[in-house]
Each structure stands twice: as C-alpha cells, then as structure tokens.
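Here are some reading notes for a colleague who is opening this entry without having seen it before. They are set out as numbered points, to be read with the structure in view.

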Amino acid sequence: MSAAASPEPQDAVVAVKQETPFARFVSEYCESPVAVVSFIAVVLIVGVALLAPWISPQNPYDLAQLDIMDGRLAPGATSMDGMVFWLGTDDQGRDMLSGIMYGLRISLGVGVGSAAIACVIGTALGLIAAFAGGKVDTSLMRLVDLQLSFPAILVALMILAILGKGVMNVMLALVIVEWARFARTARSAALVEARREYMEAAQCLALPKWRLVFRHMLPNCMPPIIVIGTILVARAITLEATLSFLGLGVPITEPSLGLLIANGYQYMLSGKYWISFYPGIALLVTIMAINLVGDQLRDVLNPRLKR
Amino acid sequence: MTTWMLRRLIQAVFVMLAMTVIVFIGVNVIGDPVEILISPEADQAERARAVIALGLDKPLWEQYWRFLLGAVQGDLGRSFVFNEPALKLIAQRMPATLELALTAVLMSVVIGIPLGLYAGLKPDSIGGRLVMGASILGFSLPSFWIGLMLIMVFAVQLGWLPSTGRGQTAELFGVQWSFLTRDGLAHMAMPAFNLALGNIALVLRLTRAGVRENLPMDYVKFARAKGLSPNRVVFVHVLKNILIPIVTVVGLEIGGLIAFAVVTESVFAWPGMGKLIIDSINVLDRPVIVAYLMMIVVLFIVINLLVDLLYTVLDPRVRLETRE
C-alpha cells in the first residue's frame, strides 16, 4: 500500500483530516471490540496452521513417533516416554493437540484455496456477464440461478459421487459450489460501477475492453467481493469438514478437522469425548472468527450502512 | 399465465434431461464397478459374463438410452450390492427421511416464528439480543458437530434420549413411521431438532426482519388507533403480512432439508435415503447413486416449480409482473 506513506504533514490540522483511506478503514474496523478479537483469533489460527510442523509437540503423520499403547488417553495424561498429551490422544496414540494443528492446516488450506479459485473464476465471469450484457449475461445468470437453487451439500455430494473421494475432488466440488455466489456478487457490483463517470471517461479514451473491465472496473468492485469472500471461506471450511465427516473428503492418513471429529465419533458413546470435542472446538472457533471478521468488514465496507 | 407456466414446465423438463446426462455419464465414465463387484480370483470368462450381465459391454450412449427408457418406466436399474431395484431401495428408505424433514419444518415454524416475533417486538431487550446472537450460531455452526454435541449431552451424559436408529415404528398406509409411537418420537427428537436448527435461525430472522419492517407502517398505526389490542395487531395484522416470505422460504427449504438429512442421518444412524446414498458412494453402487441423484433432482425441480406457483398465488404483485 503506497497510501500509507502519502500523508506528509504540511499542516498538523490538515493532516488529521487527510487520513488515508486505509487508516480510516482500520479505525472504523476497530470500533467493534468483538471484531478486533476475531481478527486476532484469525491471525493466530492462520499462524498455528502455517507453523504447525515447528510448534506442534509431535508429528502426527510420522508413524515412528506414535505408540499404540498411548491410544485414547485422557487430556493431561503422560505418554510412555514422558510427553504430556494436553488434549488427550486418539485411538492410534496420536496427540490430539498436534493432530488439530495439522488438521487446521488441511482445513484452512482446502477452504482458502478453493474459495480463492472460485473467487477468480466467479469474479471474472460476473464481470464479463455485466460488461457483455445481452445473451452472455442472461445465459450465465441462468446457470448461476439454476445452481444456487440446489443446496451446496447436494451439489458437492453429486460431484463426489461422480468423481470419487480425495482432496482434489473436494476442492473441485467447493469451487463449483462457490463460484456462482462470487459471479452474482461481482455482476451486481459491476452493474453499479458501469454507470459511473470514470467508466465513461475510460471508454472515451478508447482503452481496450479487457483493460476497462479488469484495470478500472474490478478494483472498484472489490469491497463486496472481499466481504462475500471471507464468508465463503468459512462456508468452504464448514462444507469440507462436513464432507470429510461423512467419509467423502480427505484421506484418513492426513486428516482435516472434520475427519478428526469423525474418528472420535465412535468413542464418544463410551464417554471418550475429547477425540471429537477438541477438533470440534477448533473448527468452531475458526468458523466463528472468520464469520465475525466478515460481518464487520461488511459493515465497514458497505457505503449504504455509513452514517 | 398459461404460457408462463408452460415455459416453466418445458424448462424444468430440459433441466431434468440435462441432469440425467451429467449424472449418468459422470457416474459411468468414472469408477469401474467390475473391479469392486467381481472377486479378484474370478477368471477372464467369469468377468466377461458379469460384464454382460450388468450391461456394461454396450457403448455408453446405448447404456444411457436404456437407462432413460427405464427411467421413464420407473426402472432405474438394480443395486449391485442388494440385487434389488434401486428405486425400490430408495422408496423403502424415503418415509424415514420424509418424516424427519417434515418434523424439522414443523419445528422451525413452531420455534422460529414465536422467537422471531419476540426479537422483533423487543429488539433492544437482553432476550431479543440473545435470540439474535444464538441465531447466528444456528447458521454458522457445522450441523454435524451440533449433532455430536446433542448426542454427548442428551444421550451420553444425561441419558434422556436414545442416540441412534428409528426406534419402534408403527404402520400407517402400509408404511412404517416413527412418529406414531412414543419410542419413535423419542428417537426422532434429536435428529429432527438438529436438522431444523439452521431453519429455525432462518425463520426467526425472517420473522424479526418482517416485524421490524411492518411495525412502522400506516396500517399498524391505523389498527392501533382503532383501539385493537396489541395482541390482535401483532398476531392477526402483522403476522399475516410477514407470512409470505416465510412460507416461500420454508417451502424452498424442504428440498434443502431432505438433501441435508444426509448429514443428520449419518450422525444419528437414521436409516433414511441419506444414509443409503453415503453407503452407496462408499461401495460405488452406481445404480443406487444414479437413482438417488435423479430422485433428488426431480424433487427439487418440482419443489421450485410449486414454490414459484405458490408465490404468484400468494403475492398478487408477482402475478402482475409476469403478465407483461
């Protein structure tokens, strides 16, 4: 952001008024303490997910480190070689804390990755629909309407039933489920922007069409796309967890949070709650934090709600 | 109106046809049932015989054509695993899913509307805010996890409710239903509530928004000025006006509930269609997968069509627009 360097204080009074858009955005965002806490939580969660190999007590994928004798230990128990399992162990003697950290990596990776791909595809198609209008617009939006009339879980189920299980197929399913929402959002934003004067000016300069759309229109369409993007990341993570819970998602060797929960399900009835409970809490906190950040972003970025 | 309906119907048929192509070709091109169904010890001749018996040696378009002809006659193939007609398998499991979904609809209306009215009439009270906060949870929490927590609390810790299965069933119209027996109702309580949660939150929020929108309107002021009791104003006048969007959404969501029952049924081991499809995907029982997907697609298209029609009946403004 070059904007951060721009306010040269020629005059102290003016400088206060001429705060950069980014600084204004930050101060408005920080008006809600809940949103600040959520943002910190998201940063921490992403940090844990990225740094998992270095900060986790154990590598849950390394079978040499596991001991089946440590299976299903309660939280706080100590292993054969003196390690403390703060959140207990699962049936194969994996430390749940490490499992959750690695699981977060996969859950976040799949969620953010698929949302990002869906965002690029959906936004591009939405902008094209808005800019081209006519037949292209109607047929694209028909497709979007049609797809959105089926619930996400069903579309994902259909794709996984056809393609089979696996991480790539889950991501593909998530992209197919989500692109339509991005396309609809981008289109409605673009339709508003297309009537603005700067677009007329750019058209008068006889700029090429792709430049008009992607260089001039796109940056101004970003706020609603960012908002829907955050919420869709949370939804993607939820859906991935659900699919993995059903046994249609990631492979058992590298479990995401949803699969960790599914693994503990059978032991819950015998009172061994922690195998399912703690991954569930991790999933919950992640989803709630991302949603709350998204909510606050919507309040700040939506000009209609401005006082 | 008639031309609009006709166009809508033709559109629905085309969507259905497109879906059959996607589903059939998708399921049949990817994944090889021969690998799964025939034992590895089988020799070449046995394999070939099995392939012919299953009709897998024909070209794809011919398989599709036979599938389509069969589908029109209500024959969607036989399950590889159960060796029974796929449609029959699904039909057997359908009542369980339907009663679960309809109970969930009932719950979402019975719980959602009163809570929404309360939150709309007293938006600044602690109770109103609590209700709204809880509704966000209802939306965003993964439903399978809530189901697990319900089991943990009410089945494992408290021991009040049974955690899995349908319980005792009773017969009505030649079909077994859980809601007719006490035991069945106890078995249904948790899964139905779990399935309903998202919809309770949705109905609640719609009701609240409707109340907030309608309260400042002239007709409410007029009704009050007329000296009607506050209860009558809310429950007769306001409620009537906010019911249109709620009816539409609840109607549209029935399909969603049936689809989402997949998750709830897996959590509570409820023997419905959803559990069947998950099991079938795991063993690649293609006829059942295809039959289930076709059923759901048809169901959805019919529901969307009905809701569209209902909408024009309920809301005259929509009718005027379509007439242009």
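**Notes on the predicted model**

1. A good place to begin is the salt bridge that Asp137(A) makes with Arg187(A), in which the closest N and O atoms are 2.8 Å apart. Asp137(A) belongs to helix α5 (residues 134–148) of chain A and Arg187(A) to helix α7 (residues 167–194) of chain A, so this pair ties together parts that lie 50 residues apart in sequence. Asp137(A) is buried, with a relative accessible area of 12%. Please keep in mind throughout that this is a predicted model.

2. Helices α5 and α7 of chain A are also joined by a salt bridge between the side chains of Arg184(A) and Asp145(A), at 2.4 Å from N to O. Here Arg184(A) sits in α7 and Asp145(A) in α5, so the pair ties together parts that are 39 residues apart in sequence. Arg184(A) is partly exposed, with a relative accessible area of 38%, and Asp145(A) likewise counts as partly exposed, at 41%.

3. A further salt bridge, between Asp295(A) and Arg298(A), has its closest N and O atoms 3.0 Å apart. How many residues separate Asp295(A) and Arg298(A) in helix α11? They are 3 residues apart in this helix (residues 274–301) of chain A, which means a separation of about one helical turn. Asp295(A) counts as partly exposed at 24% relative accessibility, and Arg298(A) counts as partly exposed at 38%. Over all chains, the search of the whole structure finds 5 salt bridges.

4. Helix α9 of chain A, which covers residues 209–245, deserves a careful look, since its 37 residues end with C-alpha atoms only 46 Å apart, short of the 54 Å that a straight helix would reach at 1.5 Å a residue. Where does α9(A) bend? The bend, of about 55°, is at Leu218(A), and a proline, Pro219(A), follows within four residues. Just after α9(A), the residue Gly247(A) takes a positive phi of about 85°.

5. Turning to the cysteines, the count comes to 0 disulfides over all chains. Cys204(A) is in no disulfide, and the nearest cysteine sulfur, that of Cys221(A), is 19 Å away, whereas a disulfide would need the two sulfur atoms within 2.5 Å. Cys221(A) is in no disulfide either, the nearest cysteine sulfur being that of Cys119(A), 12 Å away. As for their surroundings, Cys204(A) is exposed, with a relative accessible area of 67%, while Cys221(A) counts as buried at 0% relative accessibility.

6. In chain B, Asn194(B) is found in helix α8 (residues 182–214). Is Asn194(B) buried or exposed? With a relative accessible area of 2%, Asn194(B) is buried. Leaving aside neighbours within four places in sequence, its contacts are with Ser143(B), Ile146(B), Gly147(B), Leu150(B), Thr264(B) and Phe268(B).

7. For chain A as a whole, there are 11 helices and 2 strands, and from the N terminus on the elements run α-α-α-β-β-α-α-α-α-α-α-α-α. Of the 307 residues of chain A, 47% count as buried. Among contacts in chain A between residues at least 6 apart in sequence, 68% join residues at least 24 apart. The accessible surface of chain A comes to about 14,900 Å², and 66% of this area belongs to carbon and sulfur atoms.

Conventions. Residues numbered from 1 in each chain as written. Chains lettered and ligands numbered in written order. Predicted model: local features only at pLDDT ≥ 70, side-chain atom pairs only at ≥ 80, totals over all residues. Heavy atoms only, no water. Buried < 20%, exposed > 50% of the residue type's maximum accessible area, 1.4 Å probe, protein only. Expected span 1.5 Å × (residues − 1). Bend = angle between axes of the 7 residues up to and from the residue. Contact = heavy atoms within 4.5 Å. Salt bridge = Lys/Arg side-chain N within 4 Å of Asp/Glu carboxyl O. Areas by Shrake-Rupley, 256 points an atom, 1.4 Å probe, with all protein chains shown as cover.
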